[in-house]
Amino acid sequence: MTRPLLHAELLKLITTKRTTTIFLLTSAGLSLLLTLLTLLTGDNVNTAQDVLDTLTSAGLIAALVMLILGAVNMGGESRHGTQVGTFLATPVRWHVVLAKSLVHTLAGLAAGALNIVVGLICVALFADASWPSFGNVVLQMLGTLGVTGLYAALGVALGTLLRNQAAVVAGVLVFLLVVEPLLSSLWTVIQKYGVTGSAGEMLTAGGNNGVAQGVGALVFIAWVVLFTLAAFLVIERRDVRGD
Amino acid sequence: MSDASLVVEGLTKRYGGRTVVDDLSFEVHPGRVTGFVGPNGAGKTTSLLMVLGLAAPSGGTARFGGQIYRDLSSPLRAVGAVLEIAKGHPGRSGRDELRVLAATHEFDDRRVDELLKLVGLGDDAHRRSADYSLGMRQRLALAGAMLGDPPVLVLDEPLNGLDPQGIRWLRSFMVERAAEGRAILVSSHQLTELQQVATDMVVIDKGRTVAQGPVAEMVSKSQAGLWLRCAEADRLQAALERAGHEVLRQEADGMRVSGATAPAIAQLALDERILVTELYPIVANLEQAFFDLVDGGQS
């Protein structure tokens, strides 16, 4: 995998700027909406921990949007037929998946940064609770950046595995919003170390569910690496069909 | 050692129990245009996908200068390809499509602009490729294939969607590139057009090679003969066969006759008192040669 390939994948993202912008704005917009709803309705945010929890929820929503961007863009290679040119230029296909993952991680970092700015401004303007410590704010920011970046890379892996854009978006939403929460309610190990659980722990300063932030980060990174390796295997074995 | 730019040996593809391409072998040489023809479903596109590393062969190999496509260190400099199934992203301009490809091999934007002009898309470079006509998309794909100035071109149905000017342009494009010493493999349904540019031909049917060789040789082997339409076709056919001529009945009242001259047929018909309504020589061409090869001239 080379620098020119990274440049090409970055160009793909930039030259479809309408799609990329929509996703970045949606990510930031949903974060803003969720944060404002939490801060302005009811009496939910009273402590520094409540502030961190609010930022965590907003960060997860932003990350989910970036996951869909990754999945849609990778699935789009198949849907739009651009994979033919892509694989002719780069016949070692796992290089393409890796480059796309790295470039989407950058997009995820941008979304994470937007999310942080939006979240902190909202908290500064509307939260009555005391501020978390400076250290916790930094850890929360790092966690948010990491999770949004990794979620986008995870989206690329899922888009490779499932190919069909509609299927991957529906599948991701059903898995993350229905299946995993259901399994989490049955087994705490899923709650702690599942995809969403570990992402939540990585995102939250100090960790979550009794799992330290660093451990959550390692587990979530392992999930992303696992799905990405599966994507490498699948993309190398899959034929581009002419029919 | 062969000077072939592309050597295909025993290429085979099976999907489940179905063999789509069966032990296909041929060569493509520098300075020559090799036509790759066959009926729909003959396995042409699948073969090209395997040649270009986009589908894994069940057996056999395709090598460009001794290397399979996947092992080429700089594929766009070695092989330029236009595939019918390739598309552009609907949100991206034609120029950006090429820039993305160019970036993988560090070709600069001047090369992109130069090629867009070469294929006549200079004025439409910034339009979204989704708004391009089929002919414009073909030109864009050709520009992509030429990015690395490769010595081998693989073109899958490049004439599809082109208007007469476009077809003429593409013919010149292929002839000029071959004259520069490039090897060109081109699949097409448009045999009449192909005959004007192809020097060699590979004919496949049901995944197998039916014939290959120089076009001139293939056409000369075609059983051209005479076309005959008449009343009482059954009786005249029997008379012609009794006289030792080869008859291929293609319509209820029409047939192709080989090994007889027009006056001989006319005399025979007169002797039998059968009215002949059409009698003319069939000009030997690639289309006829193709039909002879794939369905014994039944078309």
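Two residues are in contact if their C-beta atoms, placed from the backbone, lie within 7 Å. Keep that in mind for the tour. This is a predicted model, in which local features need pLDDT of at least 70 and side-chain atom pairs count only at pLDDT 80 or more, while totals for chains, interfaces and linings use all residues. Residues are numbered from 1 along each chain as its sequence is written, with chains lettered from A and ligands numbered from 1 in the order in which they are written.

**Stop 1: a sheet in chain B**

Select residues 246-251 and 276-281 of chain B. These are β11 and β13, the edge strands, each pairing on one side only. They belong to an open sheet of four strands in the order β11-β12-β10-β13, with antiparallel pairing. Strands (E, at least two residues) and helices (H or I, at least four) are DSSP runs, numbered from the N terminus; two strands pair if DSSP finds at least two bridges between them. From one strand to the next the twist averages 20°.

Now add 226-230 and 254-258 of chain B: β10 and β12 pair in the antiparallel sense over four bridges. Click on Arg229(B) to find its bridge partner in β12(B), Gly254(B).

**Stop 2: the helices across it**

Show residues 262-272 of chain B. This is α10, which lies across β10, β12 and β13 of chain B and runs at about 165° to β13(B). Angles run from 0 to 180 degrees between N-to-C directions, with axes fitted as lines to C-alpha atoms, for helices over the stretch in contact. Next, show 233-242 of chain B: α9 lies across β10, β11 and β12, at about 160° to β11(B).

**Stop 3: two loop residues**

Most residues other than glycine have a negative phi. Zoom in on Glu157(B), in the loop between β6 (152-156) and α6 (164-179) of chain B; its phi is positive, near 50°. Lys206(B), in the loop between β8 (200-205) and β9 (208-214) of chain B, has a positive phi of about 50°.

How exposed is Glu157(B)? It counts as partly exposed because it has 19 C-beta neighbours inside 10 Å. Lys206(B), with 15 such neighbours, also counts as partly exposed. (Buried means 20 or more other C-beta atoms within 10 Å of a residue's own, exposed 12 or fewer, partly exposed in between; C-beta atoms are placed from the backbone.)

**Stop 4: chain A**

Finally, switch to chain A, which has 10 helices and zero strands. Its C-alpha trace spans about 60 × 40 × 30 Å along its principal axes. Colour by burial and you will find that buried residues make up 51% of the 243 residues in chain A.
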